[in-house]
Amino acid sequence: MSRIYLYDGPFEKGEAGYPLVQLAGERYAQEMGLNYDFSSAQICREEKGKPYFVDIPLEFSLSHSGQMWMCIVSDSPCGLDLQQIRACSFEAVAGRQYSEEEQHYTALWGIEGFFDIWVRKEAFVKCTGQGLFSHMPSVAGKDGDLCRTVRWKGKQYFFTDIDIGPELRCSVCSEKELSIEMRLL
């Protein structure tokens, strides 16, 4: 079971924002009937930056865009990304960073398609702990659709898109199909 916790208000970024992550972890543990002490929960980062709880066997990933902050807490590896659709040189970025299939999807769907791809790529690298735009599989197929799953380094990864609103894109990547519930924090 996985839960996404939404927070719409002032928040700190980076390590200063970890108290919200700890609160999300604590809420998840309470809701799942788990007995973990988050009062002194320490968060560290792997070599490429993926954050994790020290001594608490839960996974999390966080993202923010505009005034919205969200965090997924799960019992399995996961990555989450949220992006507000905003004007940018999306064709140029797609031409440099996206696979041929992803460029085709962007050409079909414009800026919304660009951000559909972007959130999946970000969620994937957050799930796997890899750097952004390192060697990774295409998240779009040759048929012009988004892939529901991708294979990478012998593992299958699943994508779940979350409908937040018309000007936002959100996606979760995980090593297994997740049942996701959303909660306000």
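## Aromatic pairs and the contact of H2 with H3

One aromatic cluster is formed by Phe90, Tyr98, Phe114, Phe115 and Trp118. The structure is a predicted model. Searching the whole structure yields ten aromatic pairs. Two of these pairs are set out below.

| Aromatic pair | Centre to centre | Angle between the planes | Geometry |
|---|---|---|---|
| Phe114 and Phe115 | 5.1 Å | 85° | edge-to-face |
| Phe124 and Trp152 | 5.4 Å | 80° | edge-to-face |

The second pair joins two elements: Phe124 belongs to helix H3 (residues 100-128) and Trp152 to strand E7 (residues 149-152), so the pair ties together parts that are 28 residues apart in sequence. Phe124 has a relative accessibility of 1% and therefore counts as buried, the cut-off being under 20%. Trp152 is likewise buried, at 9% relative accessible area. In the first pair, Phe114 is buried with 3% relative accessibility, and Phe115 is buried with 2%.

Helix H3 also packs against helix H2 (residues 90-97), with an angle of about 70° and axes 10 Å apart. Because angles of 65 to 115 degrees count as roughly perpendicular, H2 and H3 are described as roughly perpendicular to each other. On the H2 side, the contact involves Phe90, Val93, Ala94, Gly95 and Gln97; on the H3 side, Gln103, Thr106, Gly110, Ile111, Phe114, Trp118 and Lys121 take part. By residue class, this contact comprises six nonpolar, five polar and one charged. Phe90, Phe114 and Trp118 are among the residues of this contact, and these three also belong to the aromatic cluster.

Note on methods:
Residues numbered from 1 in each chain as written. Predicted model: local features only at pLDDT ≥ 70, side-chain atom pairs only at ≥ 80, totals over all residues. Heavy atoms only, no water. Phe/Tyr/Trp six-rings, centres within 6.5 Å; stacked < 30°, edge-to-face > 60°. Buried < 20%, exposed > 50% of the residue type's maximum accessible area, 1.4 Å probe, protein only. Helix = DSSP H or I, 4+ residues; strand = E, 2+ residues; numbered from the N terminus. Axes fitted to C-alpha atoms, helices over the stretch in contact; angles between N-to-C directions. Parallel < 35°, antiparallel > 145°, perpendicular 65-115°, else oblique. Contact = heavy atoms within 4.5 Å. Nonpolar A, V, L, I, M, F, W, Y, C, P; charged D, E, K, R; others polar.
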